[in-house]
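Biologist: I would like to go through the terms used for this protein and see what each one rests on. Please set each value against its definition.

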Amino acid sequence: MPPYASNSHVEALFPQLTFTDSTQVTSADLLEFLTRQQDFMDARLGQVYAVPITATEALASLRTMNAWLAAAQVVEVLI
């Protein structure tokens with residue numbers, strides 16, 4: 001299953017940055033961060049709920065959380 005969020009969700013959190021194949025954090029890196037963070041989220045949520053989560057109401061929250069967690073990894077790389 002694809003991550004709850006997409007590259008565009010993370011990119012929206014960094015309007016001053018561009019993510020391409022030649023930047024310090026690449027588009028492929030963003031997808032890897034999103035996937036890694038979804039795996040983390042599913043591992044924790046899976047202790048209580050069936051994962052992946054598919055309920056429409058929950059997906060909006062998970063999308064935001066997934067994007068913010070991946071954005072934190074972007075910041076770690078850039079600092």
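Modeller: Of the 79 residues of the protein, 30% count as buried, where buried means under 20% relative accessible area, exposed over 50% and partly exposed in between (1.4 Å probe, protein chains only). This is a predicted model: local features need pLDDT of at least 70, side-chain atom pairs count only at pLDDT 80 or more, and totals for chains, interfaces and linings use all residues. Residues are numbered from 1 along each chain as its sequence is written, and side-chain values use heavy atoms, with hydrogens and water left out.

Biologist: What makes Phe14 and Phe19 an aromatic pair that is edge-to-face?

Modeller: Rings of Phe, Tyr and Trp (its six-membered ring) pair if their centres lie within 6.5 Å; planes under 30 degrees apart are stacked, over 60 edge-to-face, the rest tilted. Phe14 and Phe19 have 6.1 Å centre to centre and 75 degrees between the planes, so both conditions are met. A search of the whole structure finds one aromatic pair. Both Phe14 and Phe19 are buried.

Biologist: Which residues does Val74 touch, not counting those up to four places away in sequence?

Modeller: With contact meaning heavy atoms within 4.5 Å, Val74 touches Val10, Phe14, Phe19, Val25, Leu30 and Phe33.

Biologist: Why is the protein called as compact as a globular protein of that length?

Modeller: The radius of gyration, taken over C-alpha atoms, is compared with a globule rule of 2.2 Å times the number of residues to the power 0.38. The protein has 13 Å, close to the 12 Å that the rule gives for 79 residues, so the description applies.
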